[in-house]
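I opened a fresh page for this one and kept notes as I clicked through it. The entries follow the order in which I looked things up.

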Amino acid sequence: MATKPAPPRPVPRLYLATPEIDDPQSLLASLPSLLAQADVAAVLLRLKPTDQRTMISRIKALAPPIQDKGAALLIEGHVELVARGGADGAHLTGIAAMEEALPTLKPDRIAGVGGLATRHDSMAAGEAGADYVLFGEPDAHQQRPSTDAIAERLQWWAELFEPPCVGFAVSLEEAREFAAAGADFVLVGDFIWNDARGAGVALKEAEQAIQRAHAATAEQATAGQR
């Protein structure tokens with residue numbers, strides 16, 4: 001009796017992390033055209049710490065151009081500012097931070113989590129209600145697992161669990177590899193903003209690399225089922 005083939009996996013989508021924002025004006029000028037050039041599912045806003053009123057003003061300024069393009073706006077930390085700034089959710093580091101934030105965010109807003117050092121931590125985060133798990137981001141000492149280790153963790157999660165997984169890519173090559181490994185989203189940041197050709201070119205290139213990696217993986221899976 002033939003086994004039923006697995007449904008095709010959707011193409012992974014981009015998750016764009018901003019630089020640390022102090023003055024949002026330059027980002028406001030470039031965001032609309034940038035988000036029009038690629039399929040960005042969400043934007044992770046990194047705010048330079050200052051007083052709450054100023055940070056809320058920055059969130060409110062950046063929310064419309066992001067959300068009007070169909071992308072979700074998530075704040076890195078600062079759970080207490082999410083609703084007041086009109087954001088769609090927050091990204092937390094570690095299970096304890098996520099569990100503390102859940103009553104504030106749920107059920108209307110997104111709670112994503114990273115800082116998951118072990119498989120057990122990842123499963124605990126999923127069971128606790130994380131809307132996604134992130135693998136591969138640097139720790140407090142700017143250390144991160146190898147590319148192969150991150151890809152292995154993404155593949156393991158994608159094969160076994162329902163909540164989406166995100167791969168933190170620091171290069172075009174990692175974006176490609178994490179898409180092939182099974183990431184639902186690929187988080188890109190510094191290497192996009194630092195590209196000498198411009199962020200729009202780099203973002204489009206990352207999207208195309210992800211699409212090609214996904215297509216190649218799907219083709220291999222189809223061939224294996226024949």
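**Notebook: from Gly89 outwards**

I started at Gly89, which sits in strand E4, residues 89-93. This is a predicted model, so I'm reading every value below as computed from it.

Is Gly89 buried or exposed? Gly89 comes out buried, with a relative accessible area of 0%. Then I listed what it touches, skipping residues up to four places away in sequence: Leu73, Leu74, Ile75, Val82, Arg109 and Ile110. For Leu73 I also took the C-alpha distance to Gly89, and got 6.7 Å for a pair 16 residues apart along the chain.

**Entry: overall numbers**

I zoomed out next. I count nine helices and eight strands in the protein. The C-alpha trace spans about 65 × 40 × 35 Å along its principal axes. I wanted to know how the radius of gyration fits the chain length: a compact globule of 226 residues would be near 17 Å, and the protein has 18 Å, which agrees.

Buried residues are 44% of the 226. Of the contacts with a separation of 6 or more, 58% are between residues 24 or more positions apart. I noted an accessible surface of about 11400 Å², with 52% of it belonging to carbon and sulfur atoms. For charges, I have 20 positive and 30 negative, and their mean positions are 5 Å apart.

**Entry: strands E1, E2 and E8**

I followed strand E1, residues 13-21, to see what it pairs with. E1 and E2 run parallel and are joined by six bridges. E1 also runs parallel to strand E8, residues 185-188, with four bridges between them.

I wrote down some partners along E1. Leu14 has Val186 in E8 as its bridge partner. Leu16 is bridged to Val43 in E2, and Glu20 stands opposite Arg46 in E2.

Why do I call E2 largely enclosed by the rest of the structure? Eight of the eight residues in E2 (residues 40-47) are buried, so that is the reading. I paused on this, because side chains in a regular strand alternate between the two faces of the sheet. With eight of eight buried, the burial in E2 does not alternate along the strand.

**Entry: Arg58**

Arg58 caught my eye in helix H2, residues 52-67. I had to check the number twice: Arg58 is buried, at a relative accessible area of 11%, and the cut-off is under 20%. Leaving aside neighbours within four places in sequence, I find Arg58 in contact with Ile21, Asp22, Pro24, Leu47, Lys48 and Thr50.

**Entry: Met98**

Met98 is in helix H4. Its relative accessible area is 0%, so I logged Met98 as buried. Not counting residues up to four places away, Met98 touches Leu92, Val113, Ala125, Ala128 and Ala130. I also took a distance from Met98 to Arg9: 28 Å, C-alpha to C-alpha, with their positions 89 residues apart in sequence.

**Entry: helix H7 and its end**

Which residues of helix H7 (residues 172-181) are buried? I get Leu172, Glu174, Ala175, Phe178, Ala179 and Ala181. The spacing made me recall that an α-helix has 3.6 residues a turn, so residues three or four places apart point the same way. Just after H7 comes Gly182, and its phi is positive, near 125°.

**Entry: backbone oddities in the loops**

I went through the loops for unusual torsions. The peptide bond from Lys106 to Pro107 is cis, and I read omega near 5°. Pro107 lies in the loop between helix H4 (95-105) and strand E5 (110-114).

Two residues other than glycine went on my list for positive phi. His78 has phi near 50° and is in the loop between strand E3 (72-76) and helix H3 (79-85). I have His78 as partly exposed, with a relative accessible area of 25%. Gln142 has a phi of about 65° and is in the loop between strand E6 (132-135) and helix H6 (147-160). Gln142 is exposed, with a relative accessible area of 61%.

Technical notes
Residues numbered from 1 in each chain as written. Predicted model: local features only at pLDDT ≥ 70, side-chain atom pairs only at ≥ 80, totals over all residues. Heavy atoms only, no water. Rg over C-alpha atoms; globule rule 2.2 N^0.38 Å. Buried < 20%, exposed > 50% of the residue type's maximum accessible area, 1.4 Å probe, protein only. Contact = heavy atoms within 4.5 Å. Areas by Shrake-Rupley, 256 points an atom, 1.4 Å probe, with all protein chains shown as cover. Lys, Arg positive; Asp, Glu negative; His and termini not counted. Charge placed at Lys NZ, Arg CZ, Asp CG, Glu CD. Pairing = 2+ DSSP bridges.
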